[in-house]
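Colleague: I am new to this structure. Please take me through one part of it closely, in short steps.

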Amino acid sequence: MENRNKWKGKGFYIALGVCVFAAVASSGLAINRMIGGLQTQQNSSSNTPIESGVQDPWDQDTEVGKNEENLPVEQTPSSSSQSVDSSSTSSAAAQQTQQESTDGQAVQEPSFSLPVAGRIVAPYSGDELVYNQTLADWRTHNGIDIAADAGAAVTAAMAGEVTYVGEDGSWGQVVEITSGELVLRYCGLAEKPAVEVGDQITQGQQIGALGEIPAEVADAPHLHLEASRAGVQFDPAELIAEE
């Protein structure tokens, strides 16, 4: 009886061991199946082709470390070359614009002739002081004196518009004729000149007769002629020299 009870106890433990072994074996088999399924799924996923139009972001056009000397390189002009070209273009454009502007502003002055038949007896002095016999002092002489007989015809030395006619206490009857920036001032005319302000005058047209000049009455009869360009006085003899 005692031996039968011992075998019963051993049989229990043997059965328990078998159950544990079966459970372990079953768990190991399940794990192996799971791993196999994962490998199969991974292989299937790696073999699936990439959808058309979608590029793998890691896909490179060239291999890493591959020599790229033979690859075509787009040639672009350097910044210095672009700067030079741009500067040259700008300089040429500026030069052309300046030339066009100069051509547009260039004003051709009219031809010039002596307003009276005579000779120059007193030159333009500029900043140099000359003695005035009538006033008995030293002063500048801002024109030229052309000797002529009293009453001689005074004609326009150039074509233009009459811009002033009036009496001056020092210079007698005065007529100014303007052409562009050039103004000629005729002093010492007789009373009642033959022109009025606004008249368009042709070269050689008579504008009056020779009278006298109060500030230079001590001298022989003459026409006092002054010239200015853009408001700056200059020697009228320069106009004679240009002819």
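Colleague: In which loop is the place of A136?

Modeller: A136 sits in the loop between strand 2 (129–132) and strand 3 (137–140). Strands here are DSSP runs (E, at least two residues), numbered from the N terminus.

First, the ground rules. This is a predicted model, where local features need pLDDT of at least 70, side-chain atom pairs count only at pLDDT 80 or more, and totals for chains, interfaces and linings use all residues. Residues are numbered from 1 along each chain as its sequence is written, and side-chain values use heavy atoms, with hydrogens and water left out.

Now the turn itself. Strand 2 and strand 3 form a hairpin with four residues between them. The two strands run antiparallel and are joined by four bridges. Strands pair if DSSP finds at least two bridges between them. One bridge links Y131 to W138 in strand 3. A136 is not a glycine, yet has a positive phi of about 55°. Most residues other than glycine have a negative phi.

The hairpin also helps to line the largest pocket. Strand 2 and strand 3 each give two or more residues to that lining, as do strand 1 (119–122) and strand 11 (222–229). A pocket is an open set of points on a 1 Å grid over the protein atoms alone, where a 1.4 Å probe fits, with protein on both sides within 12 Å along at least five of seven lines. Lining residues have an atom within 4 Å of a point. The lining has 22 residues, and A122, V130, Y131, H141 and E216 lie nearest the centre. Y131 is thus a name to remember: its bridge partner is W138. The space in this pocket is about 390 Å³, a volume filled by probe spheres set on the points, which are joined across faces, edges and corners.

A136 can be set beside K192. Phi of K192 is also positive, near 55°, and K192 is not a glycine. K192 is found in the loop between strand 8 (182–189) and strand 9 (200–201). K192 counts as exposed because its relative accessibility is 77% (exposed is over 50%, buried under 20%, partly exposed in between, with a 1.4 Å probe and protein chains only).

Last, a word on confidence. The chain has a mean pLDDT of 75, with 54% of its residues at 70 or more. pLDDT is the predictor's confidence in each residue, from 0 to 100.
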